[in-house]
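Trainee: Could you take me through a single part of this structure, residue by residue? I would like to know what a database record says about that part, and what lies around it.

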Amino acid sequence: MSFSPSISGLSGSMAALAEALGTPREGTFAQLGNVFMTRLPAQPLSAPYVVGFSAGTAALLGFDASLAHDPAFAEFFSGNTTRDWPAEAMPYASVYSGHQFGVWAGQLGDGRALGLGEVAHDGARYELQLKGAGRTPYSRMGDGRAVLRSSIREYLCSEAMHHLGIPTTRALCVIGSDQPVRREEIETAAVVTRVAPSFIRFGHFEHFYSNDRVDALQALADHVIERFYPHCKEADDPYLALLNEAVLSTADLLAQWQAVGFCHGVMNTDNMSILGLTIDYGPFGFLDGFDAGYICNHSDSQGRYAYRMQPQIAYWNLFCLAQGLLPLLGQQHDESVRGEAAVKDAQGVLEGFKDRFAPALEQRMRAKLGLQTERPGDDVLANRLFEVMQANRADFTLTFRNLARVSKHDASGDAPVRDLFLDRAAFDVWVNDYRARLSEETLDDAERAIAMNRVNPKFILRNHLAETAIRRAREKDFSEVERLAAVLRRPFDEQPEHEAYAALPPDWASSLEVSCSS
Ligand code: AMP
Ligand code: MG
């Protein structure tokens, strides 16, 4: 069966893409059926146009850059063609629940996202999802839309994260429209097409747990195991093994976030991917001047999701996931002890978070400092750097990037990093100890610099860079979105022609506020 060419009159690569989406396949999320989702078309978006397009994401799906030039591209990825799709291919909004800011929020669900189905390419399968495609049965009070501002931010950041080597959903494109959307001010609507192996969240499990739907809970867990963690089937308790996979991938993800200074902003359980992907880019931010207590989300008045809180919040969220899986756990134990044994098993697996996270972060910190060997006291050295950075609000990204220029022999290369610290004397105390530590390493300065520059990015998505691209895009100049995206696709390269993108934020950036509103 292929539904598209005959129905929506597509041709060329768009027809091929639509056909790929319409190709029946075993084990798709959509096949889980209507307990999990509601099928419905997107709401029409007037006169859509292409704002951003990722050739890299298109390549994942087996398409090249010409895809975006197809006259039907913007219509297709605005969701406008979906009303003509046959029932069996209709997009779907999935239902999930979750804990928001530490409080049980009950049912949430895809309030503005629609799954389009899967595309298989090169042995991999990807689900496509439109975000901002209109109201669904899970929209609650929302309008089902996403604004241009947040859509550009999601597009840029998911591309940036991927190229930093951090697991994330990808973005294929941003489609804009002049259609007005009301937020604090009137803005315009946009739709991002996200691409990921799966969009299943912790909250999907919590949903069926809280609704006492053990059958659906099991179907969901079986789907994830079958598709992504088939080796779990061999375990004594496959569902405990699944929990363990979530614990390990989330711990790894958090180590990566912390090491690059990424703050998610809304680590609610419905924004946590079962595959350990970064998902749902809202009021995220990268650290500029180092502040462990940095809160990127203006709406997070308590600082629940502050930078330094993220690992323990991830652990808390995993706890919610474990609770959601509890009815499935411990089936290998004798009935009389099952409940208690399952809780114990889950607790044991959750403990594994700390065992995974701490060494993962330590290993990344060692690489960031350019240390190839492990010595007692390395953690103290790293922590002392953070203390001096904190006291001086030294720029996170530039501190680590410029540290590569410090020589193990003398202070000749100190200036670029030293100049980031107001209290030069405090920095000098630290850097002399650092130099002493470097002298115990066999790599020479040049070799160490190369290694460090591979892990310490020069370019990150600073708020003011996104803001500049957004302001231009509002005036219909989309060139800065793509220019910035291109810079962020090579975050570790020097790109001397793009020095301005690596600079400290300008003064006006300090007044930028990023809220939950998107
Ligand atoms: P978020 O904070 O973006 O992760 O969203 C939390 C929940 O609110 C999810 O169920 C979203 O689908 C829903 N939501 C957010 N914004 C909107 C909107 N404009 N219209 C409908 N639902 C929304
Ligand atoms: Mg969300």
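Mentor: Asp270 is found in the loop between β11 (262-263) and β12 (285-286); strands are DSSP runs of E with at least two residues, numbered from the N terminus. This is a predicted model, in which local features need pLDDT of at least 70 and side-chain atom pairs count only at pLDDT 80 or more, while totals for chains, interfaces and linings use all residues. Residues are numbered from 1 along each chain as its sequence is written, chains are lettered from A and ligands numbered from 1 in the order in which they are written, and side-chain values use heavy atoms, without hydrogens or water.

The loop also contains Asn271 and Asp280. Records mark these residues too. In an unreviewed UniProt entry, the feature "active site" is placed at Asp270. UniProt positions follow the numbering used here, with feature names shortened, and such annotations may be inferred rather than shown by experiment. The annotation "binding site", also from an unreviewed UniProt entry, covers Asn271 and Asp280. Both Asn271 and Asp280 belong to the lining of the largest pocket. A pocket is found on a 1 Å grid over the protein atoms alone: it is an open set of points with protein on both sides within 12 Å along at least five of seven lines, and lining residues have an atom within 4 Å of a point.

Start with exposure. Asp270 has a relative accessible area of 6%, so it is buried; that word means under 20% relative accessible area, with exposed over 50% and partly exposed in between, using a 1.4 Å probe and protein chains only. Asn271 is buried as well, at 10%, and Asp280 counts as buried at 13%.

Next come the neighbours. Beyond four places in sequence, Asp270 is in contact (heavy atoms within 4.5 Å) with Tyr96, Ser97, His99, Gln100, Leu108, Arg201, Gly203 and Asp280. With the same kind of exclusion, up to four places away, Asn271 touches Arg201, His264, Val266, Ile279 and Asp280. For Asp280, the list is Lys131, Arg194, Arg201, His264, Asp270 and Asn271. Arg201 therefore appears in the contact lists of Asp270, Asn271 and Asp280 under this definition of contact.

Some of these neighbours come with a distance. The side chains of Asp280 and Arg201 make a polar contact at 2.9 Å. A polar contact is a pair of N or O atoms within 3.5 Å; within protein, one must be able to donate a hydrogen and the other to accept it, and residues adjacent in sequence count only if both atoms are side-chain atoms. A polar atom of the side chain of Asn271 lies 3.0 Å from the backbone oxygen of Val266.

Last, the pocket that Asn271 and Asp280 help to line. The largest pocket has a volume of about 800 Å³. Among its 31 lining residues, Gln100, Arg112, Arg140, Cys516 and Ser518 are the closest to its centre. The volume is the space filled by probe spheres set on the grid points, which are joined across faces, edges and corners. By class, the lining has nine nonpolar, 11 polar and 11 charged residues. Here Ala, Val, Leu, Ile, Met, Phe, Trp, Tyr, Cys and Pro count as nonpolar, Asp, Glu, Lys and Arg as charged, and the others, Gly among them, as polar. Gln100 is also one of the residues in contact with Asp270.

How values were computed:
Helices (H or I, at least four residues) and strands (E, at least two) are DSSP runs, numbered from the N terminus. On a 1 Å grid over the protein atoms alone, a cavity is a set of points where a 1.4 Å probe fits but cannot get out, and a pocket is an open set with protein on both sides within 12 Å along at least five of seven lines; lining residues have an atom within 4 Å of a point.
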